[in-house]
Amino acid sequence: MEILYRSTRSNASVSASQAILKGLSEDGGLFVPERIPQLDKTLEELGSMTYGEVAYEVMKLFLTDFTEEELKKCIANAYDSKFDTEVIAPMAEADGAYYLELFHGKTIAFKDMALSILPHLMITAAAKNKADKEIVILTATSGDTGKAALAGFADVPGTKIIVFYPKNGVSPIQEKQMVTQKGANTHVVGIHGNFDDAQTGVKKLFSDKELEKEMAAGGYQFSSANSINIGRLVPQIVYYVYAYVQLLAEGKLAKGEKINVTVPTGNFGNILAAFYAKNMGLPINKLICASNENKVLYDFFSTGEYDRNREFVLTSSPSMDILISSNLERLIYRIAGNDPEKTADLMKALGGDGKYEITPEMKAQLGDFYGNYAKEEEGFAKIRALYEDTGYVIDTHTAVAAAVYDKYKEATGDKDTVTVIASTASPFKFTRSVLQAIDPKYADASWGDFELVDELARIANVEIPAAIEEIRTAPVLHDTVCEKDGMKDVVKSFLGL
Ligand SMILES: *Cc1c(COP(=O)(O)O)cnc(C)c1O
């Protein structure tokens with residue numbers, strides 16, 4: 001049955017391929033499926049399938065205007081030897097939890113899970129809709145999306161990609177990964193500002209009518225690779241289903257047994273995918289939403305008020321340093337009874353005063369979620385304790401999730417439910433912080449970035465990922481830096497407008 005996508009802010013509705021192509025609705029809203037489809041294979045059947053096969057079974061239910069052939073081709077092009085394991089998303093058991101390792105792709109962070117398929121979905125969608133303009137991907141990144149999007153779109157015909165990142169708000173490895181990106185169609189720009197500035201700037205460019213006209217005249221149209229694109233969200237549902245059916249097939253779960261899912265959260269995309277998985281019929285108990293010191297979501301789940309008016313804290317989990325979690329809008333729309341007017345009003349308040357409050361009726365529908373946060377030292381302590389107890393090393397983002405999971409167990413007494421923790425980045429992406437957490441001696445500035453990489457490989461006894469080896473000696477190819485209000489000029493200059 002066909003599923004259409006509606007804007008969270010109006011009655012506009014489009015096909016799946018159009019939603020992927022547009023990224024964001026013209027009214028500023030996000031596209032949401034008009035209903036959540038139910039899995040049409042049993043969990044046992046899915047348990048005998050490969051990652052790619054599960055991906056097809058999940059994605060076909062959402063992307064209903066893609067043919068079987070088209071979708072299978074996109075999946076085959078995405079989940080191949082770019083990943084360093086055939087399993088694509090393996091799990092590691094440590095200290096009583098299952099770490100779902102979503103970092104085995106090209107850029108060693110979970111964004112690869114969706115961004116290795118998005119370019120294929122997008123060019124397929126463009127061909128289906130007879131789009132005659134070149135697609136310009138405009139992306140704001142807190143560090144990981146940027147590189148994963150660059151790697152996904154590099155040299156994909158009919159596309160260009162421009163990535164904005166906060167010049168002083170990403171890790172040295174993240175920055176090096178981006179500024180060494182190859183591909184004639186790639187552009188990388190540091191901005192003087194934080195991630196929210198970059199994201200707000202990109203949203204403004206998307207809704208700039210004058211720019212849209214100039215772009216059209218030049219043969220270009222914008223699209224988005226940010227997690228607001230439904231083509232990012234749908235592939236992220238897959239690994240929750242895959243993880244569950246693997247555990248079931250291995251006998252770690254009884255039939256129908258529920259699991260908890262803990263997600264280190266920033267833009268609310270990853271955890272929303274888990275929520276969709278639950279709504280598709282996957283047996284999930286709690287969705288544990290873990291924040292770092294930018295704990296706007298924790299406050300929201302506790303009080304029902306979303307308030308971005310606070311100090312922006314730079315942490316060692318930079319991909320979660322976010323005060324406006326864009327994907328939350330999709331949940332708001334849902335708990336508002338799929339009411340676009342109510343949603344638009346709340347989002348207008350967020351754009352204006354920087355805050356909004358949901359009604360008690362809406363708040364009552366958030367029972368699937370548990371929110372908490374971990375301070376910098378709590379995350380560090382978790383990295384150290386896990387390493388000392390088990391030898392397993394997790395990155396700073398995953399550490400926030402693991403620390404919050406401990407708090408959840410403490411607060412609720414739920415210590416027995418099998419729990420999957422989304423492990424969103426390889427520790428090699430954040431070597432300095434990870435090693436510092438394990439031993440303060442690594443805090444010394446005399447340790448070079450790559451010396452730390454070698455040290456981590458030694459103490460954790462794991463191979464250095466290819467993604468890191470590659471950038472060790474790669475030349476810097478991008479050095480543009482601009483002010484927050486200079487983003488439009490930079491885009492026009494790249495496109496020759
Ligand atoms: C993007 C990212 C997150 C946050 O994911 P959201 O979908 O934005 O909530 C967490 N950890 C890492 C390593 C990331 O790259």
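I began with the surroundings of the ligand in this predicted model, and found that 15 residues stand around the ligand, of which Lys 111, Asp 144, Gly 266, Asn 267 and Thr 424 come nearest. I then sorted the shell by residue class and noted eight polar, five nonpolar and two charged residues.

Next I looked up which backbone atoms the oxygen atoms of the ligand approach, taking three consecutive entries in turn. For Gly 266, a polar backbone atom lies 2.8 Å from an oxygen atom of the ligand, and for Asn 267, which I had already listed among the residues that come nearest, the corresponding separation between a polar backbone atom and a ligand oxygen is 2.7 Å. At Phe 268 I noted a polar backbone atom 3.0 Å from an oxygen atom of the ligand. I also checked the cover, and the protein hides 98% of the 390 Å² of accessible area that the ligand has on its own.

Where does the ligand sit? I traced the ligand to the largest cavity.

Finally I turned to the annotated spans, both from an unreviewed UniProt entry. UniProt lists residues 5–79 as "domain: Threonine synthase N-terminal"; in the model I read this span as 47% helix and 11% strand, with its end C-alpha atoms 26 Å apart. For residues 101–422 the UniProt record gives "domain: Tryptophan synthase beta chain-like PALP", and here I noted 47% helix and 18% strand, while the end C-alpha atoms are 7 Å apart.

Methods
Residues are numbered from 1 along each chain as its sequence is written. This is a predicted model: local features need pLDDT of at least 70, side-chain atom pairs count only at pLDDT 80 or more; totals for chains, interfaces and linings use all residues. Side-chain values use heavy atoms; hydrogens and water are left out. A residue is near a molecule or strand if one of its heavy atoms lies within 4 Å of it. A polar contact is a pair of N or O atoms within 3.5 Å; within protein, one must be able to donate a hydrogen and the other to accept it, and residues adjacent in sequence count only if both atoms are side-chain atoms. Accessible areas come from the Shrake-Rupley method with a 1.4 Å probe; for residues, only the protein chains shown count as cover. On a 1 Å grid over the protein atoms alone, a cavity is a set of points where a 1.4 Å probe fits but cannot get out, and a pocket is an open set with protein on both sides within 12 Å along at least five of seven lines; lining residues have an atom within 4 Å of a point. A molecule sits in a cavity or pocket if more than half of its atoms lie within 2 Å of its grid points. Ala, Val, Leu, Ile, Met, Phe, Trp, Tyr, Cys and Pro count as nonpolar, Asp, Glu, Lys and Arg as charged, and the others, Gly among them, as polar. UniProt positions are given in the numbering used here, feature names are shortened, and annotations may be inferred rather than shown by experiment. Helices (H or I, at least four residues) and strands (E, at least two) are DSSP runs, numbered from the N terminus.
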